[in-house]
Amino acid sequence: MISLNIEKTFGFISKEKVFAYEAQVKAAQEALENGTGKGNDFLGWLHLPSSITKEHLADLKATAQVLRDNCEVVVVAGIGGSYLGARAVIEALSNSFTWLQDKKTAPVILYAGHNIGEDYLYELIEYLKDKKFGVINISKSGATTETALAFRLLKKQCEDQRGKDMAKKVIVAITDAKKGAARVTADNEGYRSFIIPDNVGGRFSVLTPVGLLPIAVAGFDIEKLVAGAVAMEKACGKDVPFAQNPAAIYAATRNELYKNGEKIEILVNFNPKLHYVSEWWKQLYGESEGKENKGIFPAAVDFSTDLHSMGQWIQEGERTIYETVISVEKVNHKLEVPSDAQNLDGLNFLAGKRVDEVNKMAELGAQLAHVDGGVPNMRIVIPALNEDSIGGLLYFFEIACGISGYILGVNPFNQPGVEAYKKNMFALLNKPGYEEESKAIRARL
């Protein structure tokens, strides 16, 4: 089970002040449970793990098997919450170098629709030219520019290379139940499709088909992933006492640190496989809390790599930061440092030690140095990099985000600011219906 340690924040804030949030946390939990808070139309994620049926998982696994049987490569087309959750889990659980190997046990998972990079899309299309590939198109509306543009290219290429009949078999839509361009396309073309629930926002959708299907295609156990989330749903439930509820403590601590002037949270990992978990977390908290000129800025670093780039700033820069470290208790492989007769690098004192032991001492050393340098530290410990632990970690962050957003006083489930750039982009591109905006913005330019 995941554990949280906040002891290294107590030189900066007090335990008493953290525990003084108990009533606010309880109110936030009740608002979530009763649907009385802001954004209550988007609470479908709250008890999603425990509501997922065996039949639903079997359906997802059967569709995943069709893609696995017929594809060397599967492209996940989506942006934001429509791809980050899946990528976070897949990259955390995958062999870092499998995609380079000749013998593969699962299709290579690639991503598109999360940028408008012409070179990126050109190079992807070139790579796919001699590949048996399929597409998972993830979009509630089907009209998000980045994803729709990529899917238009991929759909045509898949039909041209594999024929219309096979394309129907290896293109899957995950979209709205009834409306939107992606739904119409799926129905017209006869694609297998899954539904994005109306009451689950994109950044909370990793345990819907949005995340579960790509994860199953990649060869990972979605039943264990969901089981880990179910266990965390129970561990963070509203009836769990505040002092024993890790999500409640995390939400309270980060809000007290924010009140104390620590306005930037840096999510730290010491395992490179967790990089995209950090990317997913950044969207979850940034999009949920960054409103009304409020909110902690979510940043992330990969240690020990970034200790040699960002380490100086973290150690001695402006004291407006705190760190939340994700620590993996047990690694999946064993590798010992060899002895060297010449010892030119001076590392023989490490001979015979596990590489992970060296990494753990780097983790402990960095924490002590940063606390001494004025950086409060929280530590989240997960047992291992496996489906259970990752499923639990994802739900822990989700429920803590809902509580934290309500403590902050914002609606954690909308994202009105995301639309601003789109309006300008459409005006600049002369999209039909944006004529007046186009005139106004060109006058400004």
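Colleague: What makes F97, W99 and L100 a nonpolar patch on the surface?

Modeller: In this predicted model, a patch takes residues with over 30% relative accessible area and no salt bridge, and nonpolar side chains are joined within 5 Å. F97, W99 and L100 form such a patch, with about 400 Å² of accessible area together.

Colleague: Why is W99 called exposed?

Modeller: Exposed means over 50% relative accessible area. W99 has 56%, so W99 is exposed. W99 is found in the loop between α5 (84–93) and β3 (108–112).

Colleague: Which residues are the closest to the centre of the largest pocket, and what is the volume of that pocket?

Modeller: The volume of the largest pocket is about 890 Å³. Of its 31 lining residues, the closest to the centre are E91, S94, W99, V108 and I109. W99 therefore belongs both to the surface patch and to this lining, where a lining residue has an atom within 4 Å of a pocket point.

Colleague: Which elements supply at least two residues each to the lining of the largest pocket, and what is the lining by class?

Modeller: The elements are α5, β3, α6 (118–128) and α12 (275–289). By class, the lining has 16 nonpolar, eight polar and seven charged residues.

Colleague: How many cavities of 30 Å³ or more does a search of the whole structure find, and what makes a space a cavity?

Modeller: The search finds one. In a cavity a 1.4 Å probe fits but cannot get out, whereas a pocket is an open set of points. The largest cavity has a volume of about 80 Å³, which is lined by Q29, L32, E33, L46, H47, E233, C236, G237, K238, Y395 and I399. Two elements, α2 (22–34) and α15 (387–408), give two or more residues to this lining. The largest share, three residues, comes from α2.

Colleague: What is the lining of the largest cavity by class?

Modeller: The lining has five nonpolar, three polar and three charged residues. C236 is counted as nonpolar and G237 as polar, because Cys is in the nonpolar class and Gly in the polar one.

Colleague: How do you know that K155 and E159 form a salt bridge?

Modeller: A salt bridge needs a side-chain nitrogen of Lys or Arg within 4 Å of a carboxyl oxygen of Asp or Glu. For K155 and E159 the N to O distance is 3.1 Å, so the pair qualifies. Both residues lie in helix α7 (residues 145–170), four residues apart, about one turn of the helix.

Colleague: Is E159 buried or exposed, and what about K164, with which E159 forms a salt bridge?

Modeller: Buried means under 20% relative accessible area, so E159, at 16%, counts as buried. K155 is buried too. K164, at 42%, falls between the two cut-offs and therefore counts as partly exposed. The closest N and O atoms of E159 and K164 are 3.6 Å apart, which is within 4 Å, so this pair is a salt bridge. K155, E159, K164 and E189 are linked in a network of salt bridges.

Colleague: Why are K156 and D160 called exposed?

Modeller: The cut-off is over 50%, and K156 has 52% relative accessibility, so K156 is exposed. D160 has 55%, so D160 is exposed as well. K156 and D160 form a salt bridge, with their closest N and O atoms 2.8 Å apart. Both lie in helix α7, four residues apart. A search of the whole structure finds 24 salt bridges.

Terms used: Residues numbered from 1 in each chain as written. Predicted model: local features only at pLDDT ≥ 70, side-chain atom pairs only at ≥ 80, totals over all residues. Heavy atoms only, no water. Patch = residues over 30% accessible without salt bridge, like charges linked within 9 Å, V, L, I, M, F, W, Y side chains within 5 Å. Areas by Shrake-Rupley, 256 points an atom, 1.4 Å probe, with all protein chains shown as cover. Buried < 20%, exposed > 50% of the residue type's maximum accessible area, 1.4 Å probe, protein only. 1 Å grid on protein atoms, 1.4 Å probe; cavity = no way out; pocket = protein on both sides within 12 Å on 5 of 7 lines; lining within 4 Å. Points joined across faces, edges and corners; volume = space filled by probe spheres on them.
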